[in-house]
Amino acid sequence: MIWLIGNKGMLGQEVEELLKRKRLSYLASDKEVDITNYPILQEWTKNIELAWIINCSGYTDVDKAEKEIEKAFLINRDGVRNISKIAIEKQAKLIHISTDYVFNGKKDTHLSYTEDDKTEPINIYGKSKLAGEREIKENFKKYFIIRTAWLYGAKGNNFVYTMLRLFKERDVVKVVEDQWGSPTYTVDLAGAILKIIEDDSVSYGIYHFTNEGVASWYEFARIIYKKAKRLGLIEDNKEVEIQPIKTEDYPTAARRPGYSVLSKDKIKREFDLKIRDWDKALEDFLISLKENREYLESRVEKC
Ligand SMILES: NC(=O)c1ccc[n+]([C@@H]2O[C@H](COP(=O)([O-])OP(=O)(O)OC[C@H]3O[C@@H](n4cnc5c(N)ncnc54)[C@H](OP(=O)(O)O)[C@@H]3O)[C@@H](O)[C@H]2O)c1
């Protein structure tokens, strides 16, 4: 049996779709089975044999975390400790999702971060996620920690939906040009997670997964606009100017790494994975939105 934690989140919903499609036996939970409450987790898993736990839950509001420090650590560190204790009790393997924000983003811009690079988070969210990684590593061996970045997908608030809304509302959209990363489609990450399970892998450890390629937020926005326009997701007579700005001109509560591109060599090698370029994955996502316009309108309103 597989236990999917965080099945109402953006990534969790995509993983659940895939579990269903592949007809795998699973249980799923979200906030109603609070990961910060160990007895509840014990009760929930009582009499159930678990082979895998997939943890897609977490405290994910990067800016709010700067104020809600205790809550961020409670969920991202203590909650993860509880999950790993259950994994030990059940002798289950754990797949846990972490982040590029464990790095400071100051690595030479021609080099991507490997799993062995020094971690040095520069905001509370990154620190709490790194603390969660440590809880797992200190507790047991049968883990796959997957660090990812810049996620977007159909089922959550994300940058793509925000841009599509702004392209509707404004004539000029300003986007940060000096933060670099790899936009990543939840569908592709969900596929990688399922591949690890289907391989019944024992190649435990930390892995990096994003789509291939590198972009700044500005570049990402420009390509969303270009593709959305071509696919008819933006009205023909609506022209939007996208202007590059510097991070210092877009102040946020949390500092963000300037360059957080992750090397995928290890996960590709270990699981024989082919990873798509981010703009190809984006194209697929936008096509799926075109096919479901009503859903798109309702989502874009919220972002
Ligand atoms: N989004 C990104 O760009 C990104 C980048 C790098 C890494 N990640 C990591 O990827 C994972 C999935 O991200 P996501 O964007 O899919 O996150 P998400 O949409 O925020 O989903 C997280 C889910 O966990 C739930 N949750 C929060 N506290 C919980 C608790 N105490 N017990 C049980 N469930 C709880 C949330 O419920 P509520 O919404 O009701 O709080 C939500 O349904 C996270 O670990 C995140 O840190 C995300």
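Colleague: At what angle do helix α5 and helix α7 pack?

Modeller: Keep in mind that this is a predicted model. Two packed helices are described by the angle between their axes and by the distance between those axes. Here α5 covers residues 159–169 and α7 covers residues 217–230, with axes 10 Å apart. The crossing is right-handed, and the packing angle is about 65°.

Colleague: How many residues of the contact of α5 with α7 are nonpolar?

Modeller: Let's look at who takes part. From α5 come Phe159, Val160, Met163, Leu164 and Phe167, and from α7 come Trp217, Phe220, Ala221, Ile224, Tyr225 and Ala228. There are no polar and no charged residues in this contact, and the nonpolar ones number 11.

Colleague: Which residues point the other way from Lys93, Ile95, Ile97 and Thr99 in β4?

Modeller: In a regular strand the side chains alternate between the two faces of the sheet. In β4, Lys93, Ile95, Ile97 and Thr99 share one direction, and both sets are buried. That fits the strand's count of 7 buried residues out of 7. The ones pointing the other way are Leu94, His96 and Ser98.

Colleague: Which residue stands opposite Leu94 in β4?

Modeller: Check the neighbouring strand, β3. It runs parallel to β4, and 4 bridges join the two. Opposite Leu94 you'll find Ile53.

Colleague: How far does helix α1 reach from its first C-alpha to its last?

Modeller: Helix α1 spans residues 10–21, so 12 residues at 1.5 Å a residue give an expected 16 Å. The model comes close to that, with a reach of 17 Å.

Conventions. Residues numbered from 1 in each chain as written. Predicted model: local features only at pLDDT ≥ 70, side-chain atom pairs only at ≥ 80, totals over all residues. Heavy atoms only, no water. Axes fitted to C-alpha atoms, helices over the stretch in contact; angles between N-to-C directions. Left-handed = near helix turned anticlockwise from the far one by under 90°. Contact = heavy atoms within 4.5 Å. Nonpolar A, V, L, I, M, F, W, Y, C, P; charged D, E, K, R; others polar. Buried < 20%, exposed > 50% of the residue type's maximum accessible area, 1.4 Å probe, protein only. Pairing = 2+ DSSP bridges.
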